[in-house]
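User: I should like to learn how to read a contact between two domains, and then a protein surface that faces DNA. Could we work through an example?

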There are 2 protein chains.
Amino acid sequence: MSGDPLEHQKPGSSNEITPARRHRARRGEGEQLREDILEAAERLLIETGDKNAVSIRAVARTVGVTPPSIYLHFTDKNELLFQACQVHWKRFDAHIRNATKGIDDPVERIAACGRAYIEFGLANPEHYRILFMSKPDEQPSHTDVQQLLLDSGFTRLFQAISEAVERDQIVGDPGLIVFHCWSVVHGLTSLLISHPDLPWPDREVLTKHLLETSMRGLAPDRSSPDHQ
Amino acid sequence: MSGDPLEHQKPGSSNEITPARRHRARRGEGEQLREDILEAAERLLIETGDKNAVSIRAVARTVGVTPPSIYLHFTDKNELLFQACQVHWKRFDAHIRNATKGIDDPVERIAACGRAYIEFGLANPEHYRILFMSKPDEQPSHTDVQQLLLDSGFTRLFQAISEAVERDQIVGDPGLIVFHCWSVVHGLTSLLISHPDLPWPDREVLTKHLLETSMRGLAPDRSSPDHQ
DNA sequence: TGTACATCAGTGAACGCGCGTTCACTGATGTAC
DNA sequence: TGTACATCAGTGAACGCGCGTTCACTGATGTAC
């Protein structure tokens, strides 16, 4: 608050995150701040684990800049949050792509997709909360979020399912099954995030059970005459 | 804000909910306010659909009383919210008990449980959010919430599953299966609540598919020699 | 090489808001004598 | 039946907080002449 750049950080202020010591950007390098703001939003999210902690003022504090500076790069708070979300979507998508890469068997690919999904969600619970558990009206720019959702791992999953159906490895309408599968993995992920202290069975064992049993339910009836 | 009791409600104040015209309780009838406060919290939750709208001040406004009056009956905001939650738990439990009452076949009871669960969640999305989708540290009195959870429909589900396993209608560890089943119904419910505008398949069809396929996955292997 | 000037990258102070909570109080109502 | 008094059911004003956003500004830096 004092103009003296050498003054130390005020001690109080509870939730304070290491404040940056910032030098004014040189001319033409103003865009650097934009990156720093997004990175700060990310840090706040992870370190406090609280979406409400990501306020304009807190982000500014973290970057080491005054609140009005944020408005040089984002029109308002919603836009800032949305931009921050986009970063996560890309990571989420990349993680799933990575986990399914090179798997030819579509059923195995579906399972790998599920495992990667749960893994990523539990590793980044706050991000997961924002992406999948927020209220519709807290999701900035409704349609954009939908687009992101449908563009990413969802599509990859849908393709694997369609392929598995074509090969008669599973039966049913892919348009139904994709929402079914999503429900299953989302259910486990989000319950573990919201109620971590319940007497859960071993996480690995439960995940395995969930995925295997689900695929079993989707498999063709082995006792039916046209099988085998 | 004016002391004149005949003054009309101020027009502005955006989210205002019909304010009560309250008469001071007679001596010995002070407990009535407690009920009214809980009811007001309920109304705010439902009518605004926003948990943050349930502030001490908003509740007081709705009841038609000043904020300090709340403290005559609840020690702080957390306690108020928790008490309000308890009301919902009872309803949730009653709904499930009602839906499964008189069903002898345990597998059918499990499915009925699932249907009732999804039904109740979607009919009371804000309550569902609080009960099952809040952050652990926003759940007032951690252990109490856990207790409520385990006391209610969860136990009913567990019993049905154990019974089905004993009768060889489904296979596996009931302690695993109960979390599996919960994940499945919670997944669908919470996704529909968080992302209502996605291109969802017909809700009835999807629910049916989800429940039937899940039970199918849990059923004994029909091609195995010790069956039939 | 020197200087006026435009532009860029921010700052500092303030706005009005709603929040949870505390404090000293008030006024109606029932009760003891 | 009358009156002093304790108690109950609240009120009114204030505390300090953090928030999003706006506004007029400043000072360093590059550029045109």
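Analyst: In this predicted model, about 520 Å² is buried between domain 1 of chain A and domain 2 of chain A, with carbon and sulfur atoms giving 53% of that area. On the side of domain 1, A:E42, A:L45 and A:K51 lose the most area to domain 2, together 79% of what that side buries.

User: Where do the bounds of these domains fall, and how many residues are in contact?

Analyst: The assignment for chain A places domain 1 at 1–74 and domain 2 at 89–227. In contact are 6 residues of domain 1 and 6 residues of domain 2.

User: Which residues form the salt bridge across this interface?

Analyst: A salt bridge is judged by a side-chain nitrogen of Lys or Arg lying within 4 Å of a carboxyl oxygen of Asp or Glu. Here the rule finds 1 across the interface: A:R91 pairs with A:E42, their closest N and O atoms being 2.8 Å apart.

User: Turning to the DNA, which residues are closest to strand D?

Analyst: Strand D is surrounded by 27 residues, the closest being A:R57, B:R24, B:R27, B:T66 and B:S69. By class, the residues of this surface divide into 9 nonpolar, 6 polar and 12 charged.

User: How should base and backbone contacts be told apart?

Analyst: One asks which DNA atom is approached. An N or O atom in the side chain of B:R24 is 2.4 Å from a base nitrogen of strand D. Phosphate oxygens of strand D lie 2.6 Å from a polar side-chain atom of B:T66 and 3.0 Å from a backbone N or O atom of B:G28.

How values were computed:
Residues are numbered from 1 along each chain as its sequence is written. Chains are lettered from A and ligands numbered from 1 in the order in which they are written. This is a predicted model: local features need pLDDT of at least 70, side-chain atom pairs count only at pLDDT 80 or more; totals for chains, interfaces and linings use all residues. Side-chain values use heavy atoms; hydrogens and water are left out. Domain bounds come from an automatic or database domain assignment. Contact means heavy atoms within 4.5 Å. Buried area is the accessible area (1.4 Å probe) that two parts lose on being put together, summed over both. A residue is near a molecule or strand if one of its heavy atoms lies within 4 Å of it. A polar contact is a pair of N or O atoms within 3.5 Å; within protein, one must be able to donate a hydrogen and the other to accept it, and residues adjacent in sequence count only if both atoms are side-chain atoms. Ala, Val, Leu, Ile, Met, Phe, Trp, Tyr, Cys and Pro count as nonpolar, Asp, Glu, Lys and Arg as charged, and the others, Gly among them, as polar.
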